[in-house]
Amino acid sequence: MAAGEDLAETTRFYRDVVGARHLATFDPPGLIFFDIGGVRVMFEGNSASSVLYLWVDDIDAAVAEYESRGADFTGPPHPIHKDEDGTFGPAGETEWMAFFEDPAGNTLALATRR
């Protein structure tokens, strides 16, 4: 199946079968975002994994807390996306994230908006 067909089928499945709220598709590079019960999930092209985004109010405090419990972040919180058109929240805010992995290598991110 071609990448575009994979994106369409993934969108159909999570929207129509799972009942997730479709937030956005960016193709290229082949990213689909859903809100599933208040948790943002990203699917990437032909990848069998997804990214789990955990919303926090204070990303710096949350990173410190997660690190104290054993999380190993790939870097400090940093800006990822200036949401000019309000796709993920109020227009003009910037999303900040800090990434880490679970023991199986799945990517998770703490996320906030500033």
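The legends below describe close-up views of salt bridges and pockets in a predicted model.

**View 1. A salt bridge within helix 1 joins Glu-9 and Arg-12****.**
The side chains of Glu-9 and Arg-12 form a salt bridge with an N to O distance of 2.8 Å. Both residues belong to helix 1, which covers residues 3–18. Because Glu-9 and Arg-12 are 3 residues apart in this helix, about one helical turn separates them. Glu-9 is partly exposed, at 35% relative accessibility, and Arg-12 is partly exposed as well, at 33%. The structure holds 9 salt bridges.

**View 2. Asp-60 and Arg-114 meet in a salt bridge****.**
The N to O distance between these two side chains is 2.9 Å. Asp-60 lies in helix 2 (residues 59–68) and Arg-114 in the segment after strand 7 (107–113), so that the pair links distant parts of the chain, 54 residues apart. Asp-60 counts as partly exposed, with a relative accessibility of 44%. Arg-114 is also partly exposed, with a relative accessible area of 44%.

**View 3. Arg-113 and Glu-95 form a salt bridge between strands 7 and 6****.**
Here the N to O distance is 2.8 Å. Arg-113 is in strand 7 and Glu-95 in strand 6 (residues 94–101), and 18 residues separate the two along the chain. Arg-113 counts as buried because its relative accessibility, 13%, is under 20%. Glu-95 is buried too, with a relative accessible area of 2%. Arg-113 and Glu-95 also belong to a network of salt bridges that takes in Arg-40, Asp-83 and Glu-93.

**View 4. The largest pocket has a volume of about 210 Å³****.**
Its lining is made up of 13 residues. Those nearest the centre of the pocket are Leu-31, Phe-33, Met-42, Tyr-53 and Ile-80. At least two lining residues come from each of strand 2 (31–36), strand 3 (39–44), strand 5 (78–82) and strand 6. The lining comprises 9 nonpolar, 1 polar and 3 charged residues.

**View 5. The second largest pocket encloses about 150 Å³ of space****.**
The residues that line this pocket are Arg-21, Leu-23, Asp-35, Gly-38, Arg-40, Tyr-53, Leu-54, Trp-55, Phe-88 and Ala-111. Strand 1 (21–26) and strand 4 (50–55) are the elements that supply two or more of them. Strand 4 contributes the most, with 3 residues. By class, 6 lining residues are nonpolar, 1 is polar and 3 are charged. Arg-40, one of the lining residues, is also part of the salt-bridge network that includes Arg-113 and Glu-95.

Note on methods. Residues are numbered from 1 along each chain as its sequence is written. This is a predicted model: local features need pLDDT of at least 70, side-chain atom pairs count only at pLDDT 80 or more; totals for chains, interfaces and linings use all residues. Side-chain values use heavy atoms; hydrogens and water are left out. A salt bridge is a side-chain nitrogen of Lys or Arg within 4 Å of a carboxyl oxygen of Asp or Glu. Helices (H or I, at least four residues) and strands (E, at least two) are DSSP runs, numbered from the N terminus. Buried means under 20% relative accessible area, exposed over 50%, partly exposed in between (1.4 Å probe, protein chains only). On a 1 Å grid over the protein atoms alone, a cavity is a set of points where a 1.4 Å probe fits but cannot get out, and a pocket is an open set with protein on both sides within 12 Å along at least five of seven lines; lining residues have an atom within 4 Å of a point. Grid points are joined across faces, edges and corners, and a volume is the space filled by probe spheres set on the points. Ala, Val, Leu, Ile, Met, Phe, Trp, Tyr, Cys and Pro count as nonpolar, Asp, Glu, Lys and Arg as charged, and the others, Gly among them, as polar.
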